[in-house]
Amino acid sequence: MNNRLDMIHYLIKDISEKKQIHISIRKICSDLSISRTTFYSHYNSLDELLDDTYCLLLKMKYDFLKESIIDPDRGIKNILTSLKEHQDHLIAYIALSFRSENQKKEKASLIEKEIDKTYSMIGIDKTTRLFYEYGISALIFRWLKNGCTASIEEQKNEILRLCNNHN
């Protein structure tokens with residue numbers, strides 16, 4: 001058992017089920033059957049666990065972004081496949097991204113800067129980036145809410161149409 005990853009996955013599941021961040025170290029330890037000493041051997045605080053979880057999800061977003069730039073067809077298919085299997089990741093990512101900037105640690109800021117730099121390198125400004133992120137997120141949420149009834153291929157094509165219509 002990898003306690004650090006277990007805590008991250010537990011937190012993702014908990015946030016996804018509650019649709020909010022409201023948990024205690026005591027509850028995490030109890031539900032995972034670990035001691036508080038074990039928790040504190042990995043993290044100094046709950047905020048550190050929240051940040052570590054956010055960084056993992058943010059890193060996944062960055063990896064998908066890079067892959068989508070190189071090969072949009074494959075990249076978008078991989079994003080959709082991953083989200084179909086792990087909807088809880090998207091919910092947790094969104095909840096954690098709304099934490100105030102002073103709650104996010106340096107590691108998260110570095111990943112966010114890499115994402116900003118990647119968008120800049122391909123010529124996407126902040127306004128266009130927001131369009132892409134909110135527009136694509138809305139399409140994905142609608143698809144997930146509808147039980148993924150459209151195939152991944154159909155959903156990918158809808159996302160590509162959105163992006164192409166904006167250019």
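Here, two residues are in contact when heavy atoms of theirs lie within 4.5 Å. Keep that in mind as we look around this structure, which is a predicted model.

## A lysine tucked away

Let's start with Lys-156, which is found in helix H9, the stretch covering residues 152-166. Is Lys-156 buried or exposed? Its relative accessible area is 3%, and buried means under 20%, so Lys-156 counts as buried.

Which residues does Lys-156 touch, once we set aside its neighbours within four places in sequence? The contacts are Asp-73, Ile-76, Lys-77 and Leu-80.

## Rings that pair up

Now for the aromatic side chains. A pair of aromatic rings is described by two things: the distance of the centres and the angle of the planes. This structure holds three aromatic pairs. In one of them, the rings of Phe-39 and Tyr-40 have centres 5.3 Å apart. Their planes meet at 85°, and an angle over 60 degrees counts as edge-to-face, so that is the label for this pair.

How do Phe-39 and Tyr-40 fare for accessibility? Phe-39 has a relative accessible area of 0%, so it is buried. Tyr-40 comes in at 37%, which makes it partly exposed. Tyr-54 and Tyr-93 make a stacked pair, with 5.8 Å from centre to centre and just 10° between the planes. This pair links distant parts of the chain: Tyr-54 belongs to helix H4 (residues 46-70) and Tyr-93 to helix H6 (residues 87-97), 39 residues apart. Both Tyr-54 and Tyr-93 are buried.

There is a cluster to spot as well: Phe-39, Tyr-40 and Tyr-43 form one aromatic cluster.

## The largest pocket

Next, some empty space. Rolling a probe the size of a water molecule over the atoms shows where such space is left. The largest pocket holds about 1,500 Å³. How many residues line the largest pocket? The lining has 44 residues, and those nearest the centre are Lys-61, Tyr-119, Tyr-132, Glu-133 and Ser-137.

Several helices share the work of lining the largest pocket. Those giving two or more residues are H4, H5 (72-85), H6, H7 (106-121), H8 (126-145) and H9. H8 gives the most, with 11 residues. As for the chemistry, the lining of the largest pocket divides into 29 nonpolar residues, seven polar ones and eight charged ones.

Terms used: Residues are numbered from 1 along each chain as its sequence is written. This is a predicted model: local features need pLDDT of at least 70, side-chain atom pairs count only at pLDDT 80 or more; totals for chains, interfaces and linings use all residues. Side-chain values use heavy atoms; hydrogens and water are left out. Rings of Phe, Tyr and Trp (its six-membered ring) pair if their centres lie within 6.5 Å; planes under 30 degrees apart count as stacked, over 60 as edge-to-face and the rest as tilted. Buried means under 20% relative accessible area, exposed over 50%, partly exposed in between (1.4 Å probe, protein chains only). Helices (H or I, at least four residues) and strands (E, at least two) are DSSP runs, numbered from the N terminus. On a 1 Å grid over the protein atoms alone, a cavity is a set of points where a 1.4 Å probe fits but cannot get out, and a pocket is an open set with protein on both sides within 12 Å along at least five of seven lines; lining residues have an atom within 4 Å of a point. Grid points are joined across faces, edges and corners, and a volume is the space filled by probe spheres set on the points. Ala, Val, Leu, Ile, Met, Phe, Trp, Tyr, Cys and Pro count as nonpolar, Asp, Glu, Lys and Arg as charged, and the others, Gly among them, as polar.
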